[in-house]
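Biologist: Please justify each term that you apply to this model by setting its value against the cut-off.

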Protein chains: 2
Amino acid sequence: MSNDCKVETALDILVGKWKPVILYHILSNGILRFSELQRLIPDITKKMLTSQLRELEYHDIINRKIYAQIPPKVEYSMTEYGKGLMPLLESMHNWGLAHIEHLNEIYGEEEAK
Amino acid sequence: MSNDCKVETALDILVGKWKPVILYHILSNGILRFSELQRLIPDITKKMLTSQLRELEYHDIINRKIYAQIPPKVEYSMTEYGKGLMPLLESMHNWGLAHIEHLNEIYGEEEAK
DNA sequence: TGTCATAGTATCAAAAAGGAAACCATAAGG
DNA sequence: CCTTATGGTTTCCTTTTTGATACTATGACA
């Protein structure tokens, strides 16, 4: 019954407090180095950034390209497969946008928790 | 920049480990009492069920109808607004389904983490 | 009087997630 | 030598989530 429900599978890939914003930046910029991501997302720790990137990589959403040089250089980009997530992300974004408005209508402008 | 990204807003409504399955059951059954939800989702605790339902109610996704009788009777159902989530949930479900297959292709059938 | 049912709360504990800070390897440049 | 830069890893700690369990109110019924 409820085991047919794969919404959670999709959620797993997106959840993690930082994944949406990481994907957002990679999608907007195409290719980003680890340090560039750090700069774009100042509040994320290296540990979090690493772990989230690894999970996305495991799921074949992003590519990790290592240059054998020192200091190290590692570039992250969407995989072709990962780009297939875009429509879903857009739908979620749009729904989220509309929902914020809806909450405002219900509860007023002050803090829509 | 990344503050335009409302993917997380959508995620907030769906995340919670139990919300997808709660929505699934309410969507499939139309109207469900608290105790029926408990029976359908045996592993959930009352506390979790209550808190998740309250959050969904706050976001105007579900209705909570209280009958003034004893023993108490409370029915949960989708709001009209909440039904607007269905396409998104379906997209997520479909993506999740396809993704499981994709992981199998990459890593083989044994445990797609 | 005692028991059952429903829809919760309340309290405390455990587990999971997230964060801070230190540490590492290595080459280039001064 | 010493410092700087990159892309991490490791350890420890705090916060957040989740869970287990007990408790509550109230009327019906035996």
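Modeller: Gly30(B) comes just after H2(B) and takes a positive phi of about 90°. H2(B) is called a helix because a helix is a DSSP run of H or I with at least four residues, a strand being a run of E with at least two, each numbered from the N terminus; this one covers residues 19-29. The model is predicted: local features need pLDDT of at least 70 and side-chain atom pairs pLDDT 80 or more, while totals for chains, interfaces and linings use all residues, and side-chain values use heavy atoms without hydrogens or water. Residues are numbered from 1 along each chain as its sequence is written, with chains lettered from A and ligands numbered from 1 in the order in which they are written.

Biologist: Which residues of H2(B) are called buried, and what does the word require?

Modeller: Buried means under 20% relative accessible area, exposed over 50% and partly exposed in between, with a 1.4 Å probe on protein chains only. In H2(B), Lys19(B), Pro20(B), Val21(B), Ile22(B), Leu23(B), His25(B) and Ile26(B) are buried.

Biologist: What makes H1(B) a mostly covered helix, and what covers its buried residues?

Modeller: Six of the eight residues of H1(B), residues 7-14, are buried, namely Val7(B), Thr9(B), Ala10(B), Leu11(B), Ile13(B) and Leu14(B). Their cover includes H1, H2 and H6 (86-107) of chain A and H2, H4 and H6 (86-107) of chain B, where contact means heavy atoms within 4.5 Å. Just after H1(B), Gly16(B) takes a positive phi of about 150°.

Biologist: Why are H1(A) and H2(A) called roughly perpendicular?

Modeller: The axes of H1(A), residues 7-14, and H2(A), residues 19-29, come within 8 Å and cross at roughly 70°. Axes are lines fitted to C-alpha atoms, for helices over the stretch in contact, and angles run from 0 to 180 degrees between N-to-C directions. Under 35 degrees counts as roughly parallel, over 145 as roughly antiparallel, 65 to 115 as roughly perpendicular and the rest as oblique; the two helices are therefore roughly perpendicular to each other. Asp12(A), Ile13(A) and Leu14(A) of H1(A) meet Lys19(A), Pro20(A) and Leu23(A) of H2(A). By class, this contact has four nonpolar, no polar and two charged residues (Ala, Val, Leu, Ile, Met, Phe, Trp, Tyr, Cys and Pro are nonpolar, Asp, Glu, Lys and Arg charged, the others, Gly among them, polar).

Biologist: How many residues surround DNA strand C, and which are the closest?

Modeller: DNA strand C is surrounded by 21 residues, the closest being Lys47(A), Arg54(B), Arg64(B), Pro72(B) and Tyr76(B); near means that a heavy atom of the residue lies within 4 Å. Of the atoms of DNA strand C within 4 Å of the protein, sugar and phosphate account for 63%. H4(B) gives the most to this surface, with four residues.

Biologist: What makes the pairing of Lys46(B) with DNA strand C a polar contact?

Modeller: A side-chain N or O atom of Lys46(B) is 2.8 Å from a base nitrogen of DNA strand C. A polar contact is a pair of N or O atoms within 3.5 Å (within protein, one must be able to donate a hydrogen and the other to accept it, and sequence neighbours count only if both are side-chain atoms), so the pair qualifies. A polar side-chain atom of Lys17(A) also lies 2.9 Å from a phosphate oxygen of DNA strand C.

Biologist: Which element gives the largest share of the surface near DNA strand D?

Modeller: H4(A) supplies that share, with four residues. Among the polar contacts, a backbone N or O atom of Val74(A) lies 3.0 Å from a phosphate oxygen of DNA strand D.
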